[in-house]
Amino acid sequence: MRSRPEEALPGEALPGQAVPEEAVPEEARQGEGLPVLAGRAAQRTASGSAVLGLLRERVRSGSQPGQRSDGHRIALSIEGGGMRGSVSAGMAHALYELGLLPAFDAVYGTSAGAITAAWLVSSFPEGLRGWARPDYARALIRWRAMLRRRPVVDVRTLVEVVYQTEFPMDFGSVLASEVEWHPLGTDAVTGAATDLRPLVADPAEVRLALRASAGLPFLAGPAVVLRGRRYFDGGLAEPIPFRTPMAHGATHIVVLRSRPFRALPAEPPPAPRPAREARFLTRTFLRRESMDLRTVYLGRTARTLADVISVAAMEEAGTALSIFPPLSVPRVGRLTTDGVLLEAAFEVGRKAVHGLPGITVTTTA
């Protein structure tokens, strides 16, 4: 019996084929902003000093969210990455230590970044140190659950149990924070990146939003229902929470990255093929989901590249700053539970922020 020929989903290439051009965002195909990516890390830091200058001035003047007079909207963007979020959590903790949080107008987070953002704006930012604890990691990553056909990444237990008992998060304070909290999810029907904040009105919905934003397909189980709609991990549609804050009117943005900086070539790179993980999941776990969702997921790599290009262009213009860990960052993966590695990664993130030139702020009397 002759097998049926394999067909490609929109935005996906079969072995030996090129990625369809229409799967790559126009800005990436045209190479917009690519020449600036050939610059050195030192040039990036110098460009970002303008953003740091605005933050320092806000702290010095005692400027408060919702009462600004400088005409700017500065957003903090925290990417996900599972337990690799320990790196960006360390960065977020450093911003808190330095007293810079009130200088931001909003914090946007995807997946693990949404959890970090919630801790940061809560009444207990020291809770960010939980990312470095092995018991915290073991509550989230449960390999034995696979034997019972349960999710390996148990976001539900972490949020609904751990965060209400042994490691409580003050969900009410997240809602009440003057610095806006914006967790991002991916709509299971449309595949669109969705700001979940307007759908959250009480602590129970804060927990649902956290679970939805960090709901990795397959690893974390089915989509999470919030206000009658189903959501998956925000990283499917917006791995780096950049487009949403810009759509909300951000004039400046600070991006916390969990992987070391890598300069891109000056020439436009070829259209990237969808990641192997995305190709596998769209044909298995997500096969019954909408074509829109699967298409968006398959285009994630190209979309991320376009966003990296756009952020780099903003850095060149002095309106963005990406903070990366050094190349020596411990090799922490999405499912790492080794406490020594996690603690080291957290501290590397902290030092990456504390080591920024001119980061120290002197407040007015």
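**Talking through a predicted model**

Trainee: Where is Ser111 found?
Mentor: This is a predicted model, so keep that in mind throughout. Look past β2 (106–110) and before α4 (112–121). Ser111 is found in the loop between β2 and α4.

Trainee: Is Ser111 buried or exposed?
Mentor: The cut-off for buried is under 20% relative accessible area. Ser111 comes in at 7%, so Ser111 counts as buried.

Trainee: Which residue does the side chain of Ser111 join in a polar contact?
Mentor: Leaving aside neighbours within four places in sequence, Ser111 is in contact with Gly80, Ser213, Ala214 and Asp233. The polar contact runs between side chains, at 2.6 Å, and the partner is Asp233.

Trainee: On to charged pairs. How many salt bridges does the structure hold?
Mentor: Side chains of opposite charge can pair when their charged atoms come close. One of the salt bridges here is that of Arg73 and Glu180, 2.8 Å from N to O. For the whole structure, the count is 20.

Trainee: How many residues apart in sequence are the parts that Arg73 and Glu180 tie together?
Mentor: Arg73 lies in the loop between α2 (41–61) and β1 (74–78), whereas Glu180 belongs to strand β3 (residues 180–187). The pair therefore ties together parts separated in sequence by 107 residues.

Trainee: And is Glu180 buried or partly exposed?
Mentor: Start with the partner: Arg73 has a relative accessible area of 18%, so Arg73 falls under the 20% cut-off and is buried. Glu180 has 32%. That makes Glu180 partly exposed.

Trainee: What about Glu205 and Arg227: how many residues apart in sequence are the parts they tie together?
Mentor: Their side chains meet in a salt bridge, 2.7 Å from N to O. Glu205 sits in helix α8 (residues 203–213) and Arg227 in the loop between β5 (224–226) and β6 (229–233), so the parts tied together are apart in sequence by 22 residues.

Trainee: Which of these two counts as partly exposed?
Mentor: Glu205 has a relative accessible area of 14%, and is buried. At 48%, the partly exposed one is Arg227.

Trainee: Asp135 forms a salt bridge too; with which residue?
Mentor: Asp135 is partly exposed at 30% relative accessibility, and the partner is also partly exposed, at 35%. The closest N and O atoms are 2.6 Å apart, and the partner is Arg133.

Trainee: Which residues are linked in a network of salt bridges?
Mentor: Glutamates and arginines make up this one. The linked residues are Glu97, Glu126, Arg129, Glu347 and Arg350.

Trainee: Let's try a helix. Which residues of α10 are buried?
Mentor: Helix α10 spans residues 276–283. What covers its buried residues includes α11 (291–298). The buried ones are Ala278, Arg279, Leu281 and Thr282.

Trainee: Stepping back, what share of the protein's residues counts as buried?
Mentor: The secondary structure comes to 13 helices and eight strands. Among contacts with a separation of 6 or more, 77% are between residues 24 or more positions apart. Of the 365 residues, the buried share is 56%.

Trainee: Last one: over which residues is the pLDDT below 50?
Mentor: The mean pLDDT of the protein is 84, and 82% of its residues reach 70 or more. The stretch you're after has 72 contacts in the model beyond near neighbours in sequence, and covers residues 1–43.

How values were computed. Residues numbered from 1 in each chain as written. Predicted model: local features only at pLDDT ≥ 70, side-chain atom pairs only at ≥ 80, totals over all residues. Heavy atoms only, no water. Buried < 20%, exposed > 50% of the residue type's maximum accessible area, 1.4 Å probe, protein only. Helix = DSSP H or I, 4+ residues; strand = E, 2+ residues; numbered from the N terminus. Contact = heavy atoms within 4.5 Å. Polar contact = N/O pair within 3.5 Å; in protein donor to acceptor, adjacent residues only side chain to side chain. Salt bridge = Lys/Arg side-chain N within 4 Å of Asp/Glu carboxyl O. pLDDT = per-residue confidence, 0-100.
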